[in-house]
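This briefing introduces the structure shown below to a reader who has not met it before. The ligand surroundings are treated at the outset, followed by the domains and their interface.

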Amino acid sequence: MSKKVLITRIIPAKAYDMLTQAGFEVIVWEGSGPMTQPQLLERAKEANALISLGADKLDKHFFSQCSHLEAIAQFAVGYDNIDVNEATRMKIPVSNTPDVLSDATADVAFGLMIAVSRKMFYLHKSIELGEWKQFEPLKNLGVELAGKTLGVFGMGRIGMVMAQRCRGGFNMNILYHNRTRNSEAEKRYDARYVSFDELLQQSDVLSVHSVLSDETRGLFNKTTFNKMKKNAIFINTSRGGVHNEEDLIEALQNETIWGAGLDVTNPEPMLASNPLLQMPNVSVLPHIGSATTEARNGMARLAAENIIEFYKNGNMVTCVNPGVLTKN
Ligand code: GLV
């Protein structure tokens, strides 16, 4: 009997095609939004494997009900929605989709940095409001990025591409803070490893590319914003949970830092009434880091490959808990 794979949202057809050609039965949730938790549990109970998305809550309770699952392929690079410890305890391998979305996500970080530095989103809105009357010698002034210092928090794959863009495009000096040293970034982009405090104190642009974990949750808060430069631009394209949004609003209102560009917010979705949306030096996007045709097709392909490879060879291309595979 063929194995059943549940895909929890409609994703690019590539995944469906690859899985059906490989002999899987594929069930796709075709709702316009994510399933409710009872809907997810009901369907997952019928499946052998899952292609999950960030909005699916695969927590302790989920795994207590679905310990029969044989493999989970997350359609995202981040997997903070999955209790991987619990999956590992149940010997369920979990994969994610790194690399294929690094260019797309770094483009959003790079674009937000430029947009914030020149107040682009705000000024676009002001034209719509009929506020463009004449040339203003002393108004709408931004800051230049050439030769400034970029601080990368989390020098992984996406952080590396951001460093490349900023080094090549603006000849920026690159600092980074990471769990481990990244010698490739040091060699290629003259990136300098610094302590977290030095990163805060020296960055003109501080761009977050870390995972959301117990260590990083709420790490960018009143205390840390207070250590940053007054002219600093804070960029977050990783997870909204890494910053405290109330504290960010206050830091911008008090001019503790200069500006912010967010592709991820806390909470998501951001309310239309959020004061950040009215601030000239702030640009916000609705979590579109990986939203290019190329990246989403790559994510679909990689998620399907992980499932196929697991059933064919007991392996996964990008497994986040590979210890489970070797024990099988
Ligand atoms: C998107 O946020 C991802 O983690 O891929």
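**Ligand site and domain interface**

In this predicted model, the ligand is surrounded by Ala-76, Val-77, Gly-78, Leu-101, Arg-239 and His-287. By class, this shell comprises 3 nonpolar, 2 polar and 1 charged residues. The protein itself is divided into domain 1 (4-98 + 292-324) and domain 2 (102-284).

**Polar contacts of the ligand**

- A polar side-chain atom of His-287 is found 2.6 Å from an oxygen atom of the ligand.
- For Arg-239, an N or O atom in the side chain lies 2.7 Å from a ligand oxygen atom.
- Gly-78 takes part through its backbone, a polar atom of which is 2.8 Å from an oxygen atom of the ligand.
- On its own, the ligand has 200 Å² of accessible area, and the protein covers 84% of that area.

**Arrangement of the domains**

- A distance of 31 Å separates the C-alpha centres of domain 1 and domain 2.
- Domain 1 contributes 6 residues to the contact, and domain 2 contributes 5 residues.
- About 420 Å² is buried between domain 1 and domain 2, with 61% of it on carbon and sulfur atoms.

**Interactions at the domain interface**

- Between domain 1 and domain 2 there is 1 salt bridge.
- Asp-80 and Arg-239 form a salt bridge in which the closest N and O atoms are 2.8 Å apart; Arg-239 is also one of the residues around the ligand.
- Across the interface of domain 1 and domain 2, 1 residue pair is in polar contact.
- On the side of domain 1 that touches domain 2, the residues divide into 3 nonpolar, 2 polar and 1 charged.

Terms used: Residues are numbered from 1 along each chain as its sequence is written. This is a predicted model: local features need pLDDT of at least 70, side-chain atom pairs count only at pLDDT 80 or more; totals for chains, interfaces and linings use all residues. Side-chain values use heavy atoms; hydrogens and water are left out. Domain bounds come from an automatic or database domain assignment. Contact means heavy atoms within 4.5 Å. Buried area is the accessible area (1.4 Å probe) that two parts lose on being put together, summed over both. A salt bridge is a side-chain nitrogen of Lys or Arg within 4 Å of a carboxyl oxygen of Asp or Glu. A polar contact is a pair of N or O atoms within 3.5 Å; within protein, one must be able to donate a hydrogen and the other to accept it, and residues adjacent in sequence count only if both atoms are side-chain atoms. Ala, Val, Leu, Ile, Met, Phe, Trp, Tyr, Cys and Pro count as nonpolar, Asp, Glu, Lys and Arg as charged, and the others, Gly among them, as polar. A residue is near a molecule or strand if one of its heavy atoms lies within 4 Å of it. Accessible areas come from the Shrake-Rupley method with a 1.4 Å probe; for residues, only the protein chains shown count as cover.
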